[in-house]
Amino acid sequence: MADYGHALEFGTFLTPTADDPDQVVALAELTESAGLDLATFQDHPYNPAFLDTWTLLSWVAARTTHLKIAGNVLNLPLRGPAMIARAAASLDRLSKGRHELGLGAGAFWDGIEAMGTPRLTPRESVDALTEGIDIIRRVWDTGITGGVRVAGEHHRVNGMRPGPEPAHDIGIHLGAYKPRMLRLVGTKADGWLPSLGYLRLQDLPENNRVIDEAAHKAGRDPREIRRMLNLTGVGFGTVDRGFLQGPPEQWVEQLLPLVLEMGVSTFIVGSDDPRTIQTFGGEVAPALREAVERERATAGTRTGPVRPAAAQAARRDGIDYDGIPEVLRERAVEPGDRAYRRVRHNYMQWGRPGLVLRPRDPDEVVTALAYARDQQVPLGVRSGGHGISGHSTNDGGVVVDLGALNRIEVLAPETGRVRLGAGARWGRVADELNKHGLAISTGDHGGVGVGGISTTGGVGYMGRAHGLTIDNVTAAELVTADGRVLRADAEHNPDLFWALRGAGANFGAVVSVELTAAPVENVVLGQFVYDTSNLSAFLHAWGEISEAAPREVTGFLTLGPPSRGRGGFAQAMVVHAGDDTDRAVRALEPFLKAGPVLDQRAQLAPYPAILVSDDSTHQGHGLPISRSALLPHLDRGTAEGLEHLFTSGDVRLMQLRQVGGAINDVPAHATAYAHRNQNFSLAVMTMRSSAEKLDAHWEDLAPYREGMYLSFDTRTGPEALSEAFPGSTLNRLRELKATYDPENVFNSNFPILPAH
């Protein structure tokens, strides 16, 4: 194979001199400003004239913004693979995915032996490098259980915990020349990195053949392996003095065949001369890219990323993977990708999507939705991915993940006006707003995404004081099914603005919202644990106390099932939305009378501190079946019904959240969320095996239920919709659905059918 079709990359190979450390750092910064892609550094730990390469890599990463960095190549005999893996992953995370890993089996053995490492034969060097690569990749795989265990001849790991996970798929590139090492490149590596000083150009085709043959035997596509080349001993001159010694146009002329006929796609110039670096980045790189693009277009060369055979086998039917738009391709995640584990699930539900697209701005969302519409599979849209209902993932479909649209802007601190990206999570939002003495009532979990809760409702810890999250939304920007980017507020598309506040998932992919935050910095949190041996009496008392509390107070009550040797208990989180501790104590004291108190405490805390802090990868843990209802009161009949439900053994978790107060100040017709007279939101959860029994008990509660909160229910269909939206509200929503999404593209998250 001549041209492997890889996108061209260009970099520098810099000498890490210790005499003038500022010089090598300045050259790395020049590499970035010259438009080059990566800076690499020699690694000779036994040479006191050189800086330590790992330390230098970290320093350069901090001094640059988009430059990729790598050792060229790291000396594996002197750097244990387990620690290389951990250091590489750490640097990759700190640099936001800018680290690549070049490895060598060892050279200059006199220096290596002087540091106490015994000399290896060529065969032993290859074996040691093979074991090292396996260890490195296992340490990066945080999905494995039981720890990393490798009992090799040269490296041993005995149960090391994997991690951290790199920020991106770090490429492992090997410096190799002999056949045995070249076969290792074809079998295990992501790239081949020789140097001109040790390689004759006429040997490139034969070396590629050895690599390709080994790749085929290992079940790999040779195009998975990037061919790189260190251009050492070269420079720019005014006359032709041989290979890569003349003017820039001569470089382009001489490098072009290396791409088209010998497969090289990464050129790294070995020079510490600033003029050479500037010319290489400013003149050679763009001209060579243009020439290669022109020749490839004429030849019809296959380009783009290469999928390993195992990854291709994991693809799902109904998705045109080759047709993924170029602007989305690099960040797209398929089932065979390492990143798939991080994006497949949401917080509560497991998922097996066939493709996850991760756009970075509204225009890319337009592109993603247009592509997804053409696939023969379900479509899901995800903001933070916390959703209890599980509709932000699917089985075999396309998920448009808006997590990258996570910008947080405080537009006017004096009025509380803020703009939030749909993919931002509320824990980080709360932290940022708190710096300005502001807060928005947003539930109880920091891992919840802005897009979901700000279009469905938002029953939070300060709801009775400041309303639902949607009650504070003043505008939204969304991408509609036909690809338009619309603003919806009181003046622009007001009908759509009405619908988005309560049924937003049906009308488009919301990419940002504007809200008015309240002037809240600290709150008082009361925590109470109750004995619930007499559950119905406790619920009735707790309900009366809750409704009688001042509207600055909002309480959440969670009931867990009785455990072995212990009766049932309930935990209450009661928040006073303000920092007046005397007033808060008076408001919280009545909750001590709801029932036998097993534990109590109260504290003044910043609002973000009371949210469950979670910005981690969702793993789909928890209870897959949930039911939701809104309750006018916790009167005796309701309390007895809840006791019967909870003590049936078919419920694993029950939670009651207070609504009312400021929530009920909003007229029922003002938003698509029309439930403005109830005082409690009920959610119960259980395992899938108990779903039928739960539904039977749920029917017994029908006389006491009045509506439901969409985000806490795993049901869909007409029955659920009729409970979520009163008749006139639902009719209006169906009319608007026919206007904005007549083909029902957004049909996975409590779909509303368009009116006919």
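These notes cover one sheet, the helices packed on it, and the nonpolar cores of a predicted model.

1. The sheet is an open one built from 7 strands, which follow one another in the order E23-E20-E22-E21-E25-E26-E24 with antiparallel pairing. Strand E23 (597-606) and strand E24 (625-631) each have a single partner strand and stand at the edges, so one side of each is left without a neighbour in the sheet. On average, and with direction ignored, neighbouring strands of this sheet are turned by 15° against each other.

2. At the E23 edge, the pairing with strand E20 (residues 522-531) runs in the antiparallel sense over 9 bridges. Within this pairing, Ala-602 in E23 is the bridge partner of Gly-526.

3. Two helices deserve attention here. Helix H19 (residues 581-588) packs on the sheet, where it touches E20, strand E21 (553-560), strand E22 (569-576) and E23, and its direction makes about 25° with that of E20. Helix H20 (residues 636-646) also packs on the sheet, touching E21, E24, strand E25 (653-658) and strand E26 (680-686), with a direction that makes about 155° with that of E25.

4. Turning to the cores, the largest nonpolar core holds 81 residues, of which Leu-103, Leu-231, Trp-251, Phe-267 and Phe-280 touch the most other members. If residues up to four places away in sequence are not counted, the contacts of Trp-251 include Leu-231, Val-234, Phe-236, Leu-244, Val-269, Phe-280 and Val-284, and also Gly-235, Gln-245 and Gly-246.

5. A second core, separate from the largest one, has 55 residues, among them Ile-453, Leu-496, Phe-497 and Leu-733.

Note on methods: Residues numbered from 1 in each chain as written. Predicted model: local features only at pLDDT ≥ 70, side-chain atom pairs only at ≥ 80, totals over all residues. Heavy atoms only, no water. Pairing = 2+ DSSP bridges. Helix = DSSP H or I, 4+ residues; strand = E, 2+ residues; numbered from the N terminus. Axes fitted to C-alpha atoms, helices over the stretch in contact; angles between N-to-C directions. Contact = heavy atoms within 4.5 Å. Core = buried A, V, L, I, M, F, W, Y, C linked by side-chain atoms within 4.5 Å. Buried < 20%, exposed > 50% of the residue type's maximum accessible area, 1.4 Å probe, protein only.
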